[in-house]
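Here are a few notes to get you started with this one. Have a look at the structure first, then read the points below.

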Amino acid sequence: TWHLKKIPQIVRERTFSLDSPKFEAQTKLELNSVCGIECQRKLPVPSLSDLKNLLSYETVFENGTRTLTEVNVLGAVPDPAANTTTRRPLRKKRQIYGTDSRFSIYDKRFMTNFPFNTAVKISTGCSGILVSPKHVLTAAHCLHNGKDYVKGSKRLRVGLMKTKSRGNGGKRKGAKRRTSDGMPSFQWTRVKSTHIPKGWFKGVSGDIALDYDYAVLELKRPHKRKYMELGISPTIKMMPGSMIHFSGFDNDRSGQLVYRFCSISDESNDLFYQYCDAEPGSTGSGIYLRLKEPNKKKWKRKIIAVYSGHQWVDINGEQQDYNVAVRITPLKYAQICFWIHGNDENCTQG
């Protein structure tokens, strides 16, 4: 069951203009020396001043201007129950673990219907998920490498799936290519603004904080598709079979929407560590669960994490690889909800 939680408040305090970014960084989908599970366990619980700093955010607009918004955090309570982890043996590098268990979605009825139609393609090479009529959730490192915004993010676009129709391709200029049925094409929409938490630029430990590897894109014009709501990430024990689901556009299956489900192996307060089969391109996908609504018989899917991709993390002094996802905690729920609605009134219950 989805359990309601009281959500902290994110309150805007001041907004400053910053210099325009250079937009010269290379997109780097794998990070090295990320604070891993052992390191996460030793990190201090962020203080209120830490949280205010980490949850302040940059906004970049389509004309290249940039602002920094400082926030206050009200009602934040650390969740000690989320600290439980299970230690696992070290593994060797593999992005496809054993038999490739991914499914390519070819059937138009599935591809253009919920939940698969919520998956979108980001023009910098990542995936994302629709979270409102005008907003997309994705990974921060698809747009920013910790020092500068990546090339191509100044004129960022989001591709919403549509299926290619036969017969009228010749009528449109340049639309002469014939493709097989069931391969998605994209309706590309410009991005009006991008929000990235300051925690992504510098975490409590002084390094890039994988915990804050998420961003929200505001589209220039609304879409009319069904989107997926946010949910608070439960602990592994509270998930049916510890199973998660996500869909994205993996690079090794060009032009295909790829779906997978798998179990989570380990968790920290802010991250899930799992063995989901995934290749670059699916980074930024929304990870979701299907649970029952409280006091109702209805099942509901909600996004509980953002897939951060295949990352190298420091475990017992050794570099080990994992497929990592950033959990939507009550604080992150409050922030993402605030970005979507522009106030905290619609974000009191998660």
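1. A disulfide, as used here, is a pair of cysteine sulfur atoms within 2.5 Å. Keep in mind that this is a predicted model. Cysteine 126 and cysteine 142 meet that cut-off because their sulfur atoms sit 2.1 Å apart. By this rule, the count is one disulfide.

2. Which way does the link twist? The bond between cysteine 126 and cysteine 142 is left-handed, with -95° about the S-S bond. The pair joins distant parts of the chain, 16 residues apart. Cysteine 126 is in the loop between β6 (119–122) and β7 (127–130), while cysteine 142 is in the loop between β8 (135–138) and β9 (157–163).

3. Are these two cysteines buried or exposed? Cysteine 126 has a relative accessible area of 1%, so it counts as buried. Cysteine 142 is at 0%, so it is buried too.

4. Now for the nonpolar cores. The largest has 65 residues, and Leu137, Val158, Tyr214 and Leu230 are the ones touching the most other members. Helix α5 (residues 330–341) supplies the largest share of this core, eight residues. Apart from it there is another core of 15 residues, including Ile236, Phe246, Ile264 and Ala305.

5. Leucine 137 is a good place to zoom in. Setting aside neighbours within four places in sequence, leucine 137 is in contact with a list of residues that includes Tyr214, Leu230, Ile303, Val306, Ile328 and Ile336. Gly128, Ile129 and Val131 are also among its contacts. As background, nonpolar side chains in soluble globular proteins tend to be buried together.

Note on methods: Residues numbered from 1 in each chain as written. Predicted model: local features only at pLDDT ≥ 70, side-chain atom pairs only at ≥ 80, totals over all residues. Heavy atoms only, no water. Core = buried A, V, L, I, M, F, W, Y, C linked by side-chain atoms within 4.5 Å. Buried < 20%, exposed > 50% of the residue type's maximum accessible area, 1.4 Å probe, protein only. Helix = DSSP H or I, 4+ residues; strand = E, 2+ residues; numbered from the N terminus. Contact = heavy atoms within 4.5 Å.
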